[in-house]
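Me: Could you walk me through this structure, one feature at a time? I would like to learn how to read each of them.

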Amino acid sequence: MHLHRIKAENFRIFGDGKSAPVLDWELAPSLNILVGENDAGKSAIIDAIRQVLWTTSFEIVRLSEQDFHLTKVDRSQSMVIEATLRGLSEDQEAAALEWLTYEANGSRSLTLHLQARWIAPHGKRRGRVEWQIRSGTGGIGPEIGSTVREMVRSTYLRPLRDAEAELKPGRASRLSQILGAHQAISGQEINDFDVTNPTQIPKNLVGLMALAQHHMGQHEVIQAVQNGINNNYLEKLAFTGDTLSSRIRLATELALTPILEKFELTLVPPASTHSDARCNRGLGYNNVLFMATELVLLREGEDLGLLLIEEPEAHLHPQLQDRVMDLLTANAGAADKDNPVQVVLTTHSPSLVAGADLESMTLVVRGNTYRLAKGHTRLELSDYAYLRRFLEATRANLFFARGVAIVEGPGETLLLPALAKHCGRSFSRYGISVVNVGDVGLYHYARILQRSDEKVTIDVPVACITDRDVVPNEANYVTKPKKGKRFDNDYDPKELEALIERKRARAAGGSTKVFVSDRWTLEFDMALAGCAELMYIAIQLAIQDKASAGALSDNDYEAALADLKTGWPAFAAAAASPLMLAVNIYEPLYEKDASKAVTAQYAARLLETGSFGNGDVLFAMLPEYLQEALTHLTSPASVDPAAAAVA
Amino acid sequence: MALVNLPKLEDEDLDHLAEAFVDLRFDDEERRMVLLANSTVDVHAAPGSGKTSILAAKLYLLSRKWTHTHRGICVISHTNVAREEICRRLAATGEGSRLLSYPHFIGTIHSFINRFLALPNLNSLGIVVDIIDNDVFELRANVRARRSKAAGWLKNQHNADKLVGELHYSGPDLVLSSGGGKLPGPHTDTFKALASIKDYLASDGCFRFEDMFAFAENLLKSSPCVRDRLSHRFPLLMIDEMQDTSIEQERLLGTLFNDQVVQQRFGDINQRIFSDKEGTAALTFPRHPILPMRASRRFGERIARAVMTVQVSGDPVIGDGPNSPHPPTLFLYETDSVAKVIEAFGNLVLDSFSDDVLNGKRILAVCARRDGNANQDAGRHIADYWPTFKEGVGPKVAREESAWMLLRDDPNTGVKPILVRERADKIKRVVLLALRQAQAPIAKGIRDPSRLGRAIRETEMDMTTLAKTYRQLALAKNLTSSAQRWRIVPQTLFTALQPLLSAEMGLEGFASLDVFAIPDMKDEARALNVHECIVVRNDRQLRIEVNTIGMTKGETHLSTLVLESFGMSKQFDIAGAQALLSGAQTIDAKTRDTIMNQYRYLYVGMSRPTQLLCLAMNAKRASESELVRLQANGWRVLRVP
C-alpha cells in the first residue's frame, strides 16, 4: 500500500484554487523529495498527510484555527484534505472492504477524506474545530473507523529532531517496538529459567531476565537494603494482620515488553574509547541511527510503509547527506521487497538534492507542486541521465531559487550578480541563483522548469543568457573560417534572425526566456554599450594579473588602476568609432592574453568603487539584452524595497 | 489464500457461559455439540430451542478467543428482531460486545449487501444514495412517468403504476426490469423513456431494494476478486433463520463467499413460510452434516403435542420447557361474532393468569394473512377480526416521505426502552423534506440529513434553537392523535426553520407542504391502535398485540391466539387442519405446496406461546367429530356468541 495522491483545500498555504492554489499532488510509490524555498508549502504538504493519516509516534495531531487558509480578506471556515492510497495487499483490501473505491480501470483504492470546520468562539463557547473522516472521492462514502485509520498511520520524523531522546529506553520506545515486531520474537515471553537449577543459562529473553533477577536479588548489597527497608520500617507501619514488605527487582514484571523497553540503542564508541564507556557521537550520527531504526521498523511492518522526513539533512555534513540519500533511495519502493517503503522528504539541502534522482523530485513553488519526473517536464527523456550527473550542489540550488539565470561561462557567473547589485537589482535580495552550465548550448536544461502541460507555468523566472557569437567585420584579429559563417557580413538579415531564433527555441517556454547578446560576447557587448572604460580597465588588469601569475598585490593593483585611468582617454580617442573601440578593448580576451573569469572579477571589483555608475544610470549603460534579462528576472522591481529606494 | 485458524472452542470454554448467560442452560449434549462445532455445519433447531440464544452464546465464546484485528465473523440474520436479540445478548457481556463493531458484521443480508458491495460500488460510480425505499421510488417514478414520453403508452396499460413503480435494475449488467409487468422491447422509445426515468432517479440517489442486489452483482462481475476479499475478511459465516433465505439470496451468498469460509447455518425448515414461486427444491438447508436441536425450552409437552401435529418434516419437536396447566383452547365464533374473538381471548387470558404473571409478558393474536377479498364468510384475514389493522388507509403514502408516517409513536413507546436516535433521525429527515419542498436554497443537492446539519451550521443560524426543536419533537408523544395536535409539527418547525426559508414562505404555505399532509382517514381513531387491542375488565387491563404470523417469527409469548385465515390454497388453514390437530390424521407427504405452506404458518404461530395456546375458527367450518376428538386429546373448546 502506498500514498498515491494527496489533495488539500483551504489548508494553510493552500487555498480554494481561486486566490491561492489547491494542493493536488500525485506521489511516486517510492521516493518523493519536496524541494523549494522556505514557505513554499513543503511542510504544509507533510502536515496535510499527517492530519489525514495520523502517525505512528502517537503524537497529538490536531487541527487548529491557524490551519485554516487565510485569504487576503479573512480565514476560511472549512477545509478538506483527501488522501488516496493504492496498491493495497489482499489483507488490506479485505480489512477495508466497506470503504474501498473501485476504480474504473479495475483497481481498488482507499480514499480518506477529511472535512473540517472552524467554529469561531461566540459567547461563552470556545472556538473549536469539527472534523470527520469519510471514504471515497469527495467523501461520499461512509465514515471511516479508527481501526482502519490505525492501519494507515505514517511514520513521521520531525525537523531538528532529538534523535538521542527518541532512542532512549522507556515505555513504548521505538526500539522496543522494533524488537517486538521481529519475526523471531514469539516464544521469547516464555520464562525458561529454572530456579532449582540457577546456574543453567536460559535461552529466552524473559528467562535471561529471570536469571539476572535471581542472582542479583541474592547479592548482599541488594539483600541488605531490602531487609533494612522491610525490617526497620515497613514491618512497623503495617496494621495487624496485614503484611507490608518490599522487594528490589530489575523488572517489576517478568514479561517481554518491559524487558524490551529497557533496551537502549547507541552507536559503538570510536576505537580510541573504551568500549563500555558512554560516548555521545553527536547529533548527526544519532540522527542517521534513528533513521535506520525507523526504516527497519517500517520494513518489518504490515501496514502502510510511509516514512515522512522533514529536513533529513539536519545535523549532517554534506558527504553524510549523500550517504543518507543513497540509503533512502535504496530502501524506497524496492519492488523486490515484501514491504516496500515509501518515503516523502522535504529538504533545503542542495547536496541532498544533487544526490537524488530527478524522477523523485517535486518542486514546490508558492503552494504549487511540480513533479520533475519524466513526462511532467519539457525536458527530453534522453536528457535526464545527463542532468542527473550535471546537477552538483551549486547547480542544484536552482530548485530553491525565486529566479534563475542560466549562463554559459565564468564571466557571466561572476559579473552578472555584480552588475545586478549595482543596478539596484541585487540577486540575493531577489533570491536569484546563477547557474553556470559551462558549455555552449546546455542551457536547454532550463526545460526542467517547464511543464509538459503547456497551460501550466512555474512561477519562477528563468533567464538563459547566451552569446550571439557573430564577429564584427572590423575584428581583423579573428581568422575567417574555411567553412561556415562567422562574421557580420556572412549573414543576411534573415539568416541572422534564424540564428537567434535557433538559440531561443532551444530553451524558451513558460517562464523561461532566452536572451541572446546583441552582437558577439558579453564582454564585447558591454564594451560596445556603455561600459567601455570598465571593460578596458578590467581586461588590462587581467592581463597584468596573468603576467604576475595571478598574484597582483593590492599596491600593484592601485598603481595599475591609476595608470589605466590616466591612459584611458588616449586609448578611447585612438579608435575611429565606438565599434572599433570595443573591438580593440576585446582583443586581449580573444587572444587569450587575459582570462574572462579574472576580467569579470576585476570588473566586479571596479563596480564596487561606484565610479563606474550606479542604479538606473548603470542599468542604462548595459547592453540591451542584459537590460532585458535583468528586467525579466527582477520584475516587478517594486517587490524589492531596496531596488525601489535606489530608483 | 491460507486457511485461517478459527478459535477452537473446548469444553472448558463452556464454563464461561454460566457467568455470561445466567438465565440459559446449555448443558445437554445436542447444545454442547452445536456450541463446540468448529467446521461447516447446519443446525436444525426446533422452535423455542433457543437457536438465537445459542448463536449468541457461541459468538460470545468465539469473541473471547478471537485474535484477528482485521478479520471478523459475519452473522446474517433475517429479521431485525433476531439481530437485536443477538446484539443485546452480546452487548451485555464485556468481551462479546467486541463483535458488535469492526471487523465483524451482524445484520440482515440486505444491510450486508449494501455495506460491502452495493454502496461501495455506487460511491465508486460517484452516486450518493439518498434513499432506498420501494414506496418512495414508486411515488417519484410515477410522477416522472406522467411527464415522460412513455406517458402515452402507459395510459393503455392496466398495471401502469406498478409497472413504473417497480422498475429496477437486475443482474450484473443492470438490465432494466419491472416486477410490475412486462416491459416493451429494449429498442423502443417507450423502453428508452422508462430507462431514462430509472436512470434519472438513480442519479438522484433514489432506489428500490432490489437495485442493491443488482449493484452487488455488478461489482462481483467487474471486480471478481471481491469474493476472495470478503472470504478473507470473514473466515466464519453464521446465518440465523436459514429457512427464510430465498433461492436468490442463497445463490448470492454462494457468489459472495468461497469454500474457504466456514459456514454455520441455523434454522428450522418447518418454519419456512415465505412463498417462493420457483426453485424451492434447490434450497440446500438443511444439508449434511446436520446437528439437531429438537428440544424446545419455550413450551412444555402439552403445547408440543399440539404443535407437532402440523410439523411438516423432521423429528417431532420435544417440549422441554415447563409444562402448562392451561389446556390448548379452540375458540369457535359465529360470522357475526368474529370481531369479538380477540376480546374473548383477552378475557380467557385474564381468567387464566394473575397480573403478576402477566406483568411484562406478551400476549398476541396472530393471523397468516393481512388482507384479502375472498368471497367467504368471516375469518379470512386479520382485518376480519380487527378491522383497524390495515395500514395506510386512503391514498397510498410513502412512509419515508410523510411526516405523519415518520413521526407516529413507536408501538413500543412506554412499553420498553427505545432509542431516541431512530426518532431523531426521522425528525431530521422531515426537516430535510420540508426544506426541500419549500425550495430552501440550503437543501439544494443535499441528500443525507447529516449533511444538511453541516450545511445549516455553516450559516449564521443559531443551532441551539434548532437542537431544542429537534428535542421537543423527539420527545413529543401522540403527535398524530388528531389533526388539531398535528398542527404543532409544522408550527414548531416553521418557527425554527424560518431563517432558512424565503421571505414569501408563510406558516400557511409551509404547513401545506406535501410532507405535512395528513393521510386521508375517514376515521382518525382508526390510525390509533392499529396494532393493539386493549381489553379492560373491572380494574384489570390487558394489552393484546395484533399482527401477522410472518411478523412474529422468533418471538416468545405468554399466550398466543392463532386466527384462522383463507389462503392461496383456497382453503381455510385451521379448518383444513382439523383432522391433523385432533390426531385423526398425519400430514400426507403428497399434500399440495400451498397447503403445506399453511401448515408451516400454523406451526410458526402455534409454537410461540409458553403457557396458553389458542386457535380460533368459524363454527360453521368446524367438524363435530373432530371437535370431539380434539376435546378427547385435551383441547378445550369455547364458543364466542
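Me: How many disulfides does a search of the whole structure find?

Reply: A disulfide is a covalent bond between the sulfur atoms of two cysteines. Here, a pair of cysteine sulfur atoms must be within 2.5 Å to count. The search of the whole structure finds 0 over all chains. This is a predicted model, where local features need pLDDT of at least 70 and side-chain atom pairs count only at pLDDT 80 or more, while totals for chains, interfaces and linings use all residues. Side-chain values use heavy atoms, leaving out hydrogens and water; residues are numbered from 1 along each chain as its sequence is written, with chains lettered from A and ligands numbered from 1 in the order in which they are written.

Me: Why is C531(A) without a bond to the closest cysteine sulfur?

Reply: The closest cysteine sulfur belongs to C423(A), and at 8.3 Å from that of C531(A) it is too far for a bond. In chain B, C74(B) is in no disulfide either, since the nearest cysteine sulfur, in C87(B), is 12 Å away.

Me: Are C531(A) and C74(B) buried or exposed?

Reply: Buried means under 20% relative accessible area, exposed means over 50%, and partly exposed lies in between (1.4 Å probe, protein chains only). C531(A) is buried, at 2%, and C74(B) is buried as well, at 0%.

Me: What can I say about the build of chain A?

Reply: Chain A has 24 helices and 16 strands, which are DSSP runs numbered from the N terminus (helices: H or I, at least four residues; strands: E, at least two). Its radius of gyration, taken over C-alpha atoms, is compared with a globule rule of 2.2 Å times the number of residues to the power 0.38. Chain A is more spread out than a compact globule, because its 34 Å is well over the 26 Å that the rule gives for 647 residues. Along the principal axes, its C-alpha atoms fill a box of roughly 120 × 65 × 60 Å. Of the 647 residues, 49% count as buried.

Me: Why is helix 11 of chain B described as largely enclosed?

Reply: Helix 11 (residues 225-233) has 7 of its 9 residues buried, so the rest of the structure largely encloses it. Among the buried ones are C225(B), R229(B) and H232(B). The cover includes helix 2 (90-95) of chain A and helix 5 (109-124) of chain B.

Me: Where is S49(B) found?

Reply: S49(B) is in the loop between strand 1 (41-45) and helix 3 (51-65) of chain B. S49(B) is buried, with a relative accessible area of 2%. Contact means heavy atoms within 4.5 Å; leaving aside neighbours within four places in sequence, the contacts of S49(B) include R31(B) and M293(B).
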